[in-house]
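Student: Could you take a close look with me at one part of this model, the place where two side chains from separate chains meet, and then show me what else is worth seeing around the rest of it?

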Amino acid sequence: MKFTCEKDALIKEISIAQEIISSKSALSILSNVLLEADNGALTIKATDLKVSFETKIPVDVSVPGSTTVFCDKLLGILRTLPPGDIEFDEKENDILLIKPLFKKIDFRLKTIGSDKFPELQIAQEEDYFEFSQKDIIEMISQTVFAVSDDETRYYMNGVYLEKTDDGIVMVATDGRRLSYIAKKPENHVADFQAVIVPPTILNLVRKLASGEGTISLAVTDKNVFIKFDNQKISSALIEGQFPNYQRVIPTEQKFQIQVDREALIEALKRVSLLVEQKSRRIYINLTGNSMVLSSEESDIGIAREEISCNYEGEDAIFALNYLYFTEPLRVMTDPMIRIQFTEANKAITLRSTEEREYFHIVMPMQLE
Amino acid sequence: MSNPPVFFHVDLDAFYASVEQMDNPELRGRPVVVGARPGGRGVVSACSYEARVFGIRSAMPISEAWRRCPGAVFLPVRMGRYTEVSRKVMELLREFSPLVRPISIDEASLDMTGTSRLFGPPVEAAALLKTRIRDRAGVSSSVGIAPNRFLAKMASDFRKPDGLHQVDPGSEEAFIDAVGLTKLWGVGARTLARLRELGLDGTDRIRRLDLKSLQSRMGQAGGAFLYKAVRGMDPGLYPETARSHSISAETTFGSDTADPELIHLALLDLAHHVMHRLFDEGGSSRTVTVKLRYGDFTTISCRSTQGRPLSSAEELHRVGTELLAAKWDRSQPLRLVGIGFEDVRGEEEPVQPELFPSEFDRKGIVEKTVFSLRKKNPRGAPVKASLLGRRPRGSEED
């Protein structure tokens, strides 16, 4: 195998490969990245057996072939090399020679044969369906932050992806708050059983996708496959029973507050400075068109901030984990939002003032 | 003008044994040993001062206690009763100061700063407190008075039993020297041996070293601890922020066993006991600990922290079983198993309710009901079928 390519084109892809690779020990095939040169393109593959990544970039191939090298060191080398073209030449004795053109630099990396590299899972072409990149990125942003990191509740460690009659739904919860979004794509969505998708792959999509054009998705029993912009990512799914989320979505709320999203985020940022960091409990007091956020009084002190809002209900007070409040607010999209509630100990709904496909549910904390 | 700091440390004397002697006047003046059944292989949980004369001590194998004093009265641990008396004492302490920090079932630390207008000088307040504990809870106590919690704790131990000792401001170092290195709180056998090796055999000698040289010899934390301790400064006996403690129970098998069913049942029994104590004090915890001891006394402890507080004994048992499964080498029979909670938080901790009630939440509600029934009527309350016919066993609190 022998090919030449521009350093900057390669470094981006190799750094993504390195993010996927979880094994960091040299001399293990799972620490290696696969390089395959053929037909004027270089295919790069990396996997940790759960998440796999594959991408293709145009290069100048003089001898087709494939091999694998220790990704961590390859990335290190690329980072230190000066800009310009680099020649990769596979020698005998399992050596990959890395040589910037017109420079007296010479790296020789040990290789492991590409036949040792694990076969990546693939989906049947007919299982794929198209989806707008913009939509999928929005769906991920609205939900992924809400997944649980409690490993004892592994079935909440991912985003629930469900095909409904007229579209797809994503839901994430950690048992105390829940985020929901539904999209109705114009084109056909293949049928699939609802699955739990680990956040890793979703965060990768969010990071790598351009936001333009479409993305192809395929869901099988055990894996999810995503193709976009010359890249293919797949991930094993989380097995287990996602909780019956429909049950906890309030169908009706008695009261509604309208408030400026930015003003609320800023106030939360300030008041949370003096909130006890273990429980993160913040109080919200409503009187007429005023909303008072306050911390509990502690040895350190107390914080209080009043912001104006639109509220016509009776005076009310509730307590919340301020992160459960701030995180949805950050991803919501409109200048004004609605906070809907019924009682201080029942789930609260956060919605945009515009009709949107998403909402967020938060279970308040006990006041005492 | 701000008041000088005053702390009380209250320690109930030979607590379990005293409660037994209070409940049964015939036992007064006699050696009483509370703990495992003689003939079995458990240990002494507590013993009366009359029993200590024979050299019997807490944590001693019960067989050894029996050998030293066969005439002693051997009684099983009645944790529920001790908890009841303990609660009475803690309530009473709160009449003296709002800042009561229970340390264990029979110990508490009180911040009495600025209370002299109400109760007079500290010594008078402490005497009144001791009288009230005796009158209302029926047990004797020892009280230490000092400018910090660390000294107060050691002062409570200074004239035990029925003691009262005050460390006056200015006399801290003299008091530490009087207590001596071997009885200095936080100095264990290993530290002591290391200090002896270095020729540091007295608190006064340690005081001659500056912080740096002490730390170079005894390590960062160890050096800092000793530096403060020998000067009578609180080396951080009870971290000011942490109000947590642990609750645990353990059982020693009649003979070493590798029978999974027996061990499983023992753990279930212990889990119910521990959970009930947690319910009783209204606390909550996310951290489960399991202790196992092999026949050769090799002891293993392990812990697992859950994403949310545990809500039922069944859940505690499930987590405990998983921990045990991970740590226990099945080819080796066990002598003892224990289970408990660490980092138990009080009921004043903010509660974050769940959107989805878990199966264990529902079980927890049932268990709480059964528990309150049992409290009202110890004999008539429902018992888990698999635990029917099991004899109540000893338990201890850290």
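Tutor: Happy to. Start with Glu354(B) and Arg176(A), whose side chains form a salt bridge with 3.0 Å from N to O. This pair crosses between chains: Glu354(B) sits in the loop between β12 (334-344) and α15 (359-376) of chain B, and Arg176(A) in the loop between β12 and β13 (177-183) of chain A. Please keep in mind that this is a predicted model. Both partners, Glu354(B) and Arg176(A), are buried. For Glu354(B) the relative accessibility is 15%, so this residue falls under the 20% limit for buried.

Glu354(B) has a further partner. Its side chain also meets that of Arg308(B) in a salt bridge, at 3.4 Å from N to O. Here the link is between distant parts of the chain, since Arg308(B) is in the loop between β11 and α14 (313-327) of chain B and Glu354(B) is in the loop between β12 and α15 of chain B, 46 residues apart. Arg308(B) counts as buried because its relative accessibility is 7%. To put the pieces together, Glu354(B) has a salt bridge to Arg176(A) and another to Arg308(B).

Let's stay with salt bridges a little longer. Over all chains the count comes to 48 salt bridges. In chain B, Glu20(B), Asp23(B), Arg78(B), Arg81(B) and Glu84(B) are linked in a network of them. In chain A, have a look at Glu266(A) and Lys269(A), where the closest N and O atoms of the salt bridge are 3.3 Å apart. Both of these residues belong to helix α5 (residues 261-271) of chain A, and they are three residues apart, about one turn of the helix. Glu266(A) is classed as partly exposed because its relative accessible area is 31%.

Some acidic residues gather without such a partner. Glu6(A), Asp8(A), Asp60(A) and Asp85(A) make up a patch of negative charge on the surface. Patch members must have over 30% relative accessible area and no salt bridge. Asp8(A) is one of them, and its place is in helix α1 (residues 7-20) of chain A. With a relative accessible area of 44%, Asp8(A) is partly exposed.

Now for polar contacts back in chain B. Glu250(B) belongs to strand β9 (residues 245-257) of that chain, and its side chain is joined to the side chain of Lys291(B) by a polar contact of 2.9 Å. Glu250(B) counts as buried because its relative accessibility is 14%. Ser285(B) lies in the loop between α13 (260-281) and β10 of chain B. From there, the side chain of Ser285(B) reaches the backbone nitrogen of Thr287(B) at 3.1 Å. Ser285(B) is buried as well, with a relative accessibility of 2%.

The backbone deserves a look too. In chain B, the peptide bond from Lys160(B) to Pro161(B) is cis, with omega near -10°. Pro161(B) is located in the loop between α7 (149-158) and β8 (164-166) of chain B. Further along, Phe297(B) has a positive phi, near 70°, in a residue other than glycine. Its loop runs between β10 (287-294) and β11 (299-305) of chain B.

Chain A has a positive phi to show you as well. Asp229(A) is not a glycine, yet its phi is positive at about 40°. You will find Asp229(A) in the loop between β16 (223-228) and β17 (231-236) of chain A, and with a relative accessible area of 37% this residue is partly exposed. Measure across from there to Glu212(A): the two residues are 17 residues apart in sequence and 9.2 Å apart in space, C-alpha to C-alpha. Glu212(A) is in the loop between α4 (199-208) and β15 (214-219) of chain A, and it counts as exposed because its relative accessibility is 58%.

Finally, turn to Thr173(A) in strand β12 (residues 167-173) of chain A. This residue is buried, with a relative accessibility of 0%. Its C-alpha atom is separated by 5.1 Å from that of Val147(A), although the two are 26 residues apart along the chain. That strand also brings you back to the opening pair, as Arg176(A) is in the loop between β12 and β13 of chain A.

Conventions: Residues numbered from 1 in each chain as written. Chains lettered and ligands numbered in written order. Predicted model: local features only at pLDDT ≥ 70, side-chain atom pairs only at ≥ 80, totals over all residues. Heavy atoms only, no water. Patch = residues over 30% accessible without salt bridge, like charges linked within 9 Å, V, L, I, M, F, W, Y side chains within 5 Å. Areas by Shrake-Rupley, 256 points an atom, 1.4 Å probe, with all protein chains shown as cover. Salt bridge = Lys/Arg side-chain N within 4 Å of Asp/Glu carboxyl O. Lys, Arg positive; Asp, Glu negative; His and termini not counted. Charge placed at Lys NZ, Arg CZ, Asp CG, Glu CD. Helix = DSSP H or I, 4+ residues; strand = E, 2+ residues; numbered from the N terminus. Buried < 20%, exposed > 50% of the residue type's maximum accessible area, 1.4 Å probe, protein only. Polar contact = N/O pair within 3.5 Å; in protein donor to acceptor, adjacent residues only side chain to side chain.
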